[in-house]
Amino acid sequence: MGKLYKFLKYFFITFWAVFVVAPFLWALTTSFKDFNSVNGGATYIPWVDFEPKLEGWRVLIKSPANGGVDIIEPYFNSLFVTCTASLISIVLGTLSAYALSRFTFKAGFVKNNDITFFFISQRIMPPIVLSIPFFLFLGAINLLDSLIGLIVVYIVLLMPIAVWIMVDFFNKVPREIDETALIDGCNPYQAFFKVVLPNSIPGLIVAGMFCIIFGWIDFFFAFILTFTEVQLLPVKIVALNSSITPWWSLSASALVSVAPLIIVAFIVERYLSKGNLSGAIK
Amino acid sequence: MNLVAENLSYKPDEQFHLNEVSFNFEKGNIYTILGRTLSGKTTLLKTIAGLLTPDTGAMQFEDKDFLKVPVWERNIAMVYQQFINYPHLNVFENVAFPLKQRKVDDQLINDEVTKSLKSVGLEGYETRKIQELSGGQQQRVSLARSLVKNAKILLLDEPLVNLDYKLREQLREEFKNIFSQGLSEDSIVVFSTTDPREAMEINGEVIVLDEGKVLQVGPAKEIFENPKTLKVAEISNDPPMNILKASIETNKIKFEEIEVELPNHLSNLKEKNFNLGIRASDIKLSDSGFEFEVELAEISGSETLLHLKRGNSRIIISIEEVLNFNIHDKVKISFNINKIYAFNENGVLSSSPFGGSYV
């Protein structure tokens, strides 16, 4: 048992680590190559295998007039749209989820579960089905090709995730905790903000993470609903592809675009391992 | 100035959770709500707290329509059977929470919380996290939090039920101490329990509740001595009072082909057939007694509960020592006839050894 188990364990972990990290290493080395190095076969070690060049990275920040692609503006557009939409989704989603978890709604045959399902059902339809209505709708209110239009659409996409996660989370927070807060002199708003919310931080983090990820990686709506005025990062990266695929700048931009998600993952991991999330609710 | 309720009814689904409940709670007293699980105890406490609004009925407290006062303005305290505390706060902050909510001066909060934690035996635990405490300690924290407020109404919803035996005994003692010393003259304590012994020990006014209905109200002693109905006799005794179909024939009581002498207090019974009630502790093993068959023997603490059968009748007797029996053993028992209760065929007490009658 002992040694073999340990060996297999480490073997598997190593294998998995290589499996996960390899694409990043590949992208990282490729981003420092030029045309010749990329086409010269599989090479991995800089200075030995190939001569590292910064061209792939420089292209990203150069203005188009100088032959660059300038991803800085789309980058900040993406950050702005994702963060704003996520924040609004979390705030609205958390409030709706609390209401759905704690109060009983009834309008004809529509009850709490039906409302929750309505939220989730927004995610059941394939994006392509939603794209035409969204396009017409944004066109009608003059928000096509604008950041605000994208934020509105992303809220529609992200809020169901927040509602779904938070309803489930609030259902696990004993109702008696809210009741005790009421008994201890809180009005319902104070009970929510002073007692329920501080105990729901793990849920908020998870919901926030999902919103940020889904918002950040969206290509489809960013592609359909914008033309020239506003561009988001995923669209810009795909647009890099021209007659000659610039693997070096594609790799560099891919790394840059994954960076925020990696940072988010590290922060959450820190927080998780500190044990702050476990055992909050018995 | 009393807490007065009239005809509170609450029926969220098919069944009544509260059915025409009325009471009059006076300040400075302890009230025990005794009932089995799902009898409506928690519903009643939540209604008093304001967490539930009854469908019909009225409640007055201090000349106010209490049903119109929102929970957070009622100045009540409640301890739940689950150990409910604020998990994100430490022990001190938990107990201080209601005072902070009232915007009490920091120094005063400090003094009051320290005093309150001391009274439940938790001094030195101020900075602990709630999750680091045992169940009993968690329940003490919520007790401290409810005591610190000096609430006008203190509601205790089966506060001991989720604790293990030893802790329960210990905390029950402390409850009694706290009730006897710490309670101010103008607060009302309402304590709910399923355990008749607990109700008798607390020795306040007892309200027997079943299926949302108040069956009997009275001092603990009165409930014990003169239970109004069969149901009350069942609920207020542990093990439940034994009930046998019996009849009176020429100065004898007959049941299951057993004849015992008619005790004096039953000599005035009008009906021939009645329900005979006798407590488990009023039946003894005796060589000259009547033969019953053992169905089950439970050892609980230092006593043995014997489930016996004869004909169609089943009874439970308690013996104050630990004895081993096998199933289908035959045992002989005798009844203490002076402790026999008689309930008429509608289940109402017609004669009790203590002279009570509700017929």
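The crossing of α7 and α10 in chain A is right-handed, and I will start with that pair. Keep in mind throughout that this is a predicted model.

Helix α10 of chain A covers residues 201-217. Its axis and the axis of α7(A) come within 9 Å and cross at roughly 155 degrees. An angle over 145 degrees counts as roughly antiparallel, and α7(A) and α10(A) are therefore roughly antiparallel to each other. On the α7(A) side, the contact is made by A:Tyr154, A:Leu157, A:Leu158, A:Ile161, A:Ala162, A:Ile165, A:Met166 and A:Phe169. On the α10(A) side, the residues are A:Gly203, A:Val206, A:Ala207, A:Phe210, A:Cys211, A:Phe214 and A:Gly215. Sorted by class, that contact has 13 nonpolar residues, two polar ones and no charged ones.

Helix α7 of chain A, residues 147-172, also packs with α5(A), which is residues 112-124. Here the axes come within 8 Å, and the crossing angle is roughly 135 degrees. What does that angle make the pair? Parallel starts under 35 degrees, antiparallel over 145, and perpendicular runs from 65 to 115. The two helices α5(A) and α7(A) are therefore oblique to each other. Their crossing is left-handed. From α5(A) come A:Thr116, A:Phe119, A:Ile120, A:Gln122 and A:Arg123, and they meet A:Val156, A:Pro160, A:Val163, A:Trp164 and A:Val167 of α7(A). The count by class for α5(A) with α7(A) is seven nonpolar, two polar and one charged.

The third pair is α8(A) with α9(A), the latter being residues 188-196 of chain A. Their axes come within 9 Å and cross at roughly 120 degrees. Again, α8(A) and α9(A) are therefore oblique to each other. The crossing in which α8(A) passes α9(A) is right-handed. In α8(A), the residues involved are A:Ile177, A:Asp178, A:Ala181 and A:Leu182, and in α9(A) they are A:Ala191, A:Lys194, A:Val195 and A:Val196. By class, the contact of α8(A) with α9(A) splits into six nonpolar, no polar and two charged residues.

Now chain A as a whole. Its secondary structure comes to 13 helices and two strands. Why call chain A more spread out than a compact globule? Its radius of gyration is 24 Å, and the globule rule gives 19 Å for 282 residues, so chain A is well over that value. The C-alpha trace of chain A spans about 70 × 65 × 30 Å along its principal axes.

Next, the interface between the chains. Chain A puts 18 residues into the contact, and chain B puts in 18 residues. Which element of chain A gives the most to the side that touches chain B? That is helix α8, residues 175-183, with six residues. Taken by class, the side of chain A that touches chain B has nine nonpolar, five polar and four charged residues.

That brings us to chain B. It is divided into domain 1, residues 3-226, and domain 2, residues 232-351. The centres of these two domains of chain B, taken over C-alpha atoms, are separated by 36 Å. Their contact draws 13 residues from domain 1 of chain B and six residues from domain 2 of chain B. Which elements give two or more residues to the domain 1 side? They are α6 (196-202), β9 (205-210), β10 (213-219) and α7 (220-225) of chain B. Note that this α7 belongs to chain B, while the α7 I described earlier belongs to chain A. The residues on the domain 1 side that touches domain 2 of chain B divide into six nonpolar, three polar and four charged.

Two backbone details in chain B are left. B:Asp238 and B:Pro239 are joined by a cis peptide bond, with omega at about 0 degrees. B:Pro239 sits in the loop between α8 (230-235) and β11 (242-249) of chain B. The other detail is B:Asn7, whose phi is near 50 degrees, a positive value in a residue other than glycine. B:Asn7 is part of strand β1 of chain B, residues 3-10.

That is the end of my part.

Note on methods. Residues are numbered from 1 along each chain as its sequence is written. Chains are lettered from A and ligands numbered from 1 in the order in which they are written. This is a predicted model: local features need pLDDT of at least 70, side-chain atom pairs count only at pLDDT 80 or more; totals for chains, interfaces and linings use all residues. Axes are lines fitted to C-alpha atoms, for helices over the stretch in contact, and angles run from 0 to 180 degrees between N-to-C directions. Helices (H or I, at least four residues) and strands (E, at least two) are DSSP runs, numbered from the N terminus. A crossing is left-handed if the near helix is turned anticlockwise from the far one by less than a right angle, and right-handed if clockwise. Two residues are in contact if their C-beta atoms, placed from the backbone, lie within 7 Å. Ala, Val, Leu, Ile, Met, Phe, Trp, Tyr, Cys and Pro count as nonpolar, Asp, Glu, Lys and Arg as charged, and the others, Gly among them, as polar. Domain bounds come from an automatic or database domain assignment. The radius of gyration is taken over C-alpha atoms; the globule rule is 2.2 Å times the number of residues to the power 0.38.
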